[in-house]
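Trainee: Could you take me closely through the nonpolar interior of this model, and then through whatever borders on that topic? I would like one connected account rather than separate remarks.

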Amino acid sequence: MNTSVTSIKLVLLGEAAVGKSSIVLRFVSNDFSENKEPTIGAAFLTQRVNMGDHTIKFEIWDTAGQERFASLAPMYYRNAQAALVVYDITKPQSFIKARHWVKELHEQASKGIVIALVGNKLDLIEGGAERKVAREEAEKLATEEGLLFFETSAKTGDNVNEVFLGIGQKIPLKKPDEQSQGSSGLRINDDNRVDLAAGGPGSSNAGACNC
Amino acid sequence: MDENYDVIVLGTGLTECILSGLLSVDGKKVLHIDKQDHYGGESASVALSQLYAKFKQNPISKEEMETKFGRDRDWNVDLIPKFLMADGELTKILVHTDVTRYIDFKQVAGSYVYNKSKIYKVPANEMEAISSPLMGIFEKRRMKRFLEWIGDYKEDDIKTHQGLDLDKNTMDEVYYKFGLGNSTKDFIGHAMALWTNDEYLQQPARPTFERILLYLQSVARYGKSPYLYPLYGLGELPQGFARLSAIYGGTYMLNTPVEKVLYDDDGKFEGVVTKEGTAKAPIVIADPTYFPDKCKSTDHKVIRAICILNHPVPNTGNADSLQIIIPQSQVGRKNDIYVAVMSSSHNVASAGHYLAIVSTIIETDKPHVELEPAFKLLGPIEERFMGIAELFEPKESGSEDHVYLSKSYDASSHFESMTDDVKDIYFRVTGHPLVLKKRADIDAEQE
C-alpha cells in the first residue's frame, strides 16, 4: 500500500433532512437526488482527495438515522478525526441542533478532531427563499469553538469540495513511522490486530480497504 | 413516529442487536427500543465512574478516582466477561455481516489452566506442547494420539473412527480408550472443550469432540490463543450490530421505557406504548428484563468480581490479556472458576492498569469465598466490584403469544451459547434456519 495515503474517519452530524447524505453524495459521486429518502443501505462511503504530495482517503460514516431519537452509539464518534456538523440555513432549529452536536463532539470525540460547520442549502436562498441563519452568527460560533466554516449547496455542488479540502489541510499528518503511536486517533498500524475476514496469522486490519 | 413494523425488539443486548441486524438485512422493518440511555444492556462496557455508581454505595469522587486510576474515559469495563472463539459462530456472523468494518479485534495473548495451585499456559502449538510441564512424557504421547484421532476423524470413513461411535460412546469411554489420566481429562474437558462442569463425561462424546475441534481450529487461526477480543470492550459488539440494523432501515430509540405492552383478544403480541406513541408489530423479541412474568429462573446464579490491578497477573510472562481456567476438581467444586484479564492494550483500562474479571456459578451461601482461589492468583488488588446475577430463560417458545425471549448471558467464557440462542430465536421467528449472506456482495450492487 502507498504510504502517502492517510485514512481519515469522518462522521456526519446534524438534524434530519439538512442534507448530510446529499453533501456526501455530491462529494463522492458528484451527484444529487432531489427527493432523497432518509438514509438507508449505504453508510460507509470512501473518497480519496489528492493534497499535493499525499492522498487522504476519507472514510465517511453516515448516522444511518440513529440520531433521530438521540440514539447515536459512542462507537460512531470513536477515533473520528473529522466531523461535518451540518445545518440548513433556512431552518433556525437546525442551527440550534448544530450547536448541540458541536458540544457533544467536544465531550465524546478524540481531542484533535477537526470539525467543519456547514450551512447547507445555499441554492434555496438563490431561489428566493428567506435565509434564517445569519452567516455572521455561524461564523461567530465557528470562531469561538475553533471550527472550519462553509456555506454549501449539495444541489449545485457549490463549495462542497472545499469543505473536504479544508478538512484535509487541517488534519495533522503523521509520518508513516509515527502512525503506530495513535494518540490523536489515527488508525494504528499494529500487527497484533487481526483481520477477521482475511484470516491467517499476522494479517493486519489497519488501512485495509474493505469498501 | 411510524406506527407499524414487522418486528419490535426490546433491549440492546448483543443477542437482540444481532437479531435486529439480521432481520433488517432480510428486509424486515425493525423498531429497536431500549429503556436505558445506552446500548448494550448487560453486554455493555462501562466507564469506571459508571462502575462505581452501579456497584458501590458510596462512590469515591471523580477526582480521587482519576488520580488513582487515570482518565475515566480510558476505561471500558465489561459487565459480563467473554471472549470470541477465533473460529466460532460469532466471528462468522461478524464476517458475513461485515460488522468487522466497525470494530477492530486483537488476539488474547494466552490461555492458562490451574493445576495443583499453579497456573500453566495451555500449549498453543506443538513446540509449546513438547516443553509444557503440564504432562509427563508418556501422557504427552497418549494425548498426541488422542489429538491425532480428532484431527483425522472423518464422518464417512469408519476406519478413522478407531472403533468409537461419537453418538453412542460417552466421553469418559473415549478417554479410557486413549488411556488418558484424570488430570489430562480435566485439561481436555475444561481448558479445551471449555465445559464448566463434569456432566459431559457421561454424555455421548460428539458435543465434546466438536468443542475440542473448535478450540483447535481457533488456535490454529491466529496462533497465540483461541480467543479474540474487540478494542474498547465487548460493548462495541451490540453497537456494531445496531449500526448494521440502522443502515438497513432499523429505527433506534434509546432511553425509552415501555409503558404498556398491547395484546389482542387471543393474547398475541400486538405492540408497545412508549413516550413516542404506539408502535405495532406482530412479533416482539426481547431480553428477559422486559417480560419477567414470561421467564423462569434456571436455578443458576453467577457471581462476577471485577478487579482492578496495577500490575500484570503474576506467572503469565506479563501477558497483556489472558484467560485462567480453574477446573472444578482442582478446588473441590462442581463448577469451574474463570478469570478474564484485559488491559490498556485492548483499550479497556488506562495505561498501567489491568482488569481481571473472576466468575463462577454459585454453589454455597458464601459466594465471595468461592472466588478466593482465583483472587490468590492475581496478586494485590486495588479495587473490587462484586455482583450476583440470576440467570433466566423463557417459559414458552413464543409460538403462542409471539413474544420471543432471549436467555440471560451464561457463565461460559465465550459466545457459543449466545449464538446458539440467536440462531434458535431466528428460526422460531422466521420459520427458517439462519443462512448467513455475505453483505459485501449486497453492497457492491449499491455502490
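Mentor: Domain bounds, as used here, come from an automatic or database domain assignment. For chain B, that assignment gives domain 1 as 7-42 + 235-296 + 392-444 and domain 2 as 123-222; the model is a predicted one, and the centres of domain 1 of chain B and domain 2 of chain B, taken over C-alpha atoms, are separated by 37 Å.

With those bounds in hand, we can turn to the interior. The largest nonpolar core holds 176 residues, and the members that touch the most others within it are A83(A), L84(A) and V85(A) from chain A, together with I8(B), L355(B) and A356(B) from chain B. The element that gives the most to this core is β15(B), with 8 residues. Because domain 1 (7-42 + 235-296 + 392-444) and domain 2 (123-222) of chain B both give residues to this core, it lies between them. To see how one of these members is placed, consider A83(A), which, once its neighbours within four places in sequence are left aside, is in contact with L10(A), V11(A), L13(A), L105(A), A109(A), I113(A) and I115(A). A second core, separate from this one, has 7 residues, among them M135(B), M171(B), Y175(B) and L180(B).

β15 of chain B, residues 295-309, also leads us to a loop, since N318(B) is placed between β15 and β16 (322-326) of chain B. The phi of N318(B) is near 55°, a positive value in a residue other than glycine, and N318(B) counts as exposed because it has 11 C-beta neighbours inside 10 Å. S117(B) can be read alongside it: this residue lies in the loop between β7 (110-115) and β8 (118-121) of chain B, has a positive phi of about 60° although it is not a glycine, and counts as exposed because it has 10 C-beta neighbours inside 10 Å. As background, most residues other than glycine have a negative phi.

Returning to chain A, the axes of helix α1 (residues 20-29) and helix α6 (residues 160-170) come within 9 Å and cross at roughly 85°, and α1(A) and α6(A) are therefore roughly perpendicular to each other. On the α1(A) side the contact is made by I23(A), R26(A) and F27(A), and on the α6(A) side by V160(A), N161(A) and F164(A); the residues of this contact of α1(A) with α6(A) divide into 4 nonpolar, 1 polar and 1 charged.

Methods
Residues numbered from 1 in each chain as written. Chains lettered and ligands numbered in written order. Predicted model: local features only at pLDDT ≥ 70, side-chain atom pairs only at ≥ 80, totals over all residues. Axes fitted to C-alpha atoms, helices over the stretch in contact; angles between N-to-C directions. Helix = DSSP H or I, 4+ residues; strand = E, 2+ residues; numbered from the N terminus. Parallel < 35°, antiparallel > 145°, perpendicular 65-115°, else oblique. Contact = placed C-beta atoms within 7 Å. Nonpolar A, V, L, I, M, F, W, Y, C, P; charged D, E, K, R; others polar. Buried ≥ 20, exposed ≤ 12 C-beta atoms within 10 Å, placed from the backbone. Core = buried A, V, L, I, M, F, W, Y, C linked by C-beta atoms within 7 Å.
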